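Colleague: Could you take me through the pockets in this model, beginning with the smaller of the ones you have looked at? I'd like a close look at what lines it.

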Amino acid sequence: MIRRPPRSTPKPSSAASDVYKRQDIAIRFNPEVDSGGHEYIKTGRKGDKFGISSDDSVLKIANHIYQSKNLNLVGLACHIGSQILDLESYRLTAQNIKKLSINIKKIGHDLDFLDLGGGLGIPYENDKTPSPEELISIIEEELIDIDEMIVLEPGRSISGNAGILLTTVEYIKDNFLIADAAMNDLLRPALYKAKHDVWNLKETKTIDQIWTIVGPVCESSDVIAKEHQINADEGDVLAIKTAGAYGFVMSSNYNSRMRPAEVLVDDETFNIIRSRESFDDLIKNEINLND
């Protein structure tokens, strides 16, 4: 499988100089903060693949930019992880980005913004999560005396709880509820053992059954919720909560499964904003099928 055509040999000059422009840029660095809800979504440590890990390297790059006629350093950015529940991680990040920005300005740069990224956690089950107000309060304490604009990337804290995935119980086997949604529709539980609360849309009596809710994909990791307390029968519609972030955007056609429709609900009204996929959608990019 070829991801992209081979690159041509790069020119020694910059893209900005080729078009006689001065390009605004920012530098992303790693503040060496270990934070996030799972090893796979930690992004701010020196050993992570994102950003520049050495402050000395950042300052060397900043000095190079200052000498350049075609580059203009306007910002400094970082990101420490996702599903963060400990706000002290943000305090340390704010301290680090402030210290680095001061050293960059000593070179001669006038920065416009400092971007502290996102990652504020949300409740998936019974998580105790900090509020946006608490996050802002900590950042204000550390950065109250700076001139740059502060940028945050709220991410899942805006969209996570705004979405649900509806699925129907197709079969019951032993202690398994086998639903028609699967890991190709919602990858988070299979990818990093994320937990989502699941409700039955039908009113039920006192919940006294323990089920493992799974999809029909041929992977043992195709588990939506393990040992979940819920009453359900074949044909019931279940609501998988908090699917608005890293839900549809991480979905796939694995096992040749067509993705579901997306519906936008506004009080009593609703609109289909993404059509349900068809078999023709599934094979539309395949060629020479009759050869």
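Modeller: Sure. A word on classes before the pockets: Ala, Val, Leu, Ile, Met, Phe, Trp, Tyr, Cys and Pro count as nonpolar, Asp, Glu, Lys and Arg as charged, and the others, Gly among them, as polar. With that sorting, the lining of the second largest pocket splits into 5 nonpolar, 4 polar and 5 charged residues. Keep in mind that this is a predicted model. The space in that second largest pocket comes to about 280 Å³. Its lining has 14 residues, and Ala 194, Lys 195, Val 223, Ala 225 and Lys 226 sit closest to the centre. The top contributor is strand 9, residues 223–229, which puts 6 residues into the lining of this pocket.

Now for the largest pocket, which holds about 1000 Å³ of space. Here 32 residues make up the lining, and those nearest the centre are Ile 164, Leu 165, Ala 261, Glu 262 and Val 263. Strand 5 (165–173) and strand 11 (262–266) each give at least two residues to the lining of the largest pocket. By class, that lining has 18 nonpolar, 7 polar and 7 charged residues.

One more spot, apart from the pocket lists: Arg 91 belongs to helix 3, residues 88–107. Arg 91 counts as buried because its relative accessible area is 18%, and the cut-off is under 20%. Beyond its neighbours within four places in sequence, Arg 91 touches Ile 138, Glu 141 and Glu 142. With Glu 141, there is a side-chain polar contact of 2.9 Å.

How values were computed. Residues numbered from 1 in each chain as written. Predicted model: local features only at pLDDT ≥ 70, side-chain atom pairs only at ≥ 80, totals over all residues. Heavy atoms only, no water. Helix = DSSP H or I, 4+ residues; strand = E, 2+ residues; numbered from the N terminus. Buried < 20%, exposed > 50% of the residue type's maximum accessible area, 1.4 Å probe, protein only. Contact = heavy atoms within 4.5 Å. Polar contact = N/O pair within 3.5 Å; in protein donor to acceptor, adjacent residues only side chain to side chain. 1 Å grid on protein atoms, 1.4 Å probe; cavity = no way out; pocket = protein on both sides within 12 Å on 5 of 7 lines; lining within 4 Å. Points joined across faces, edges and corners; volume = space filled by probe spheres on them.
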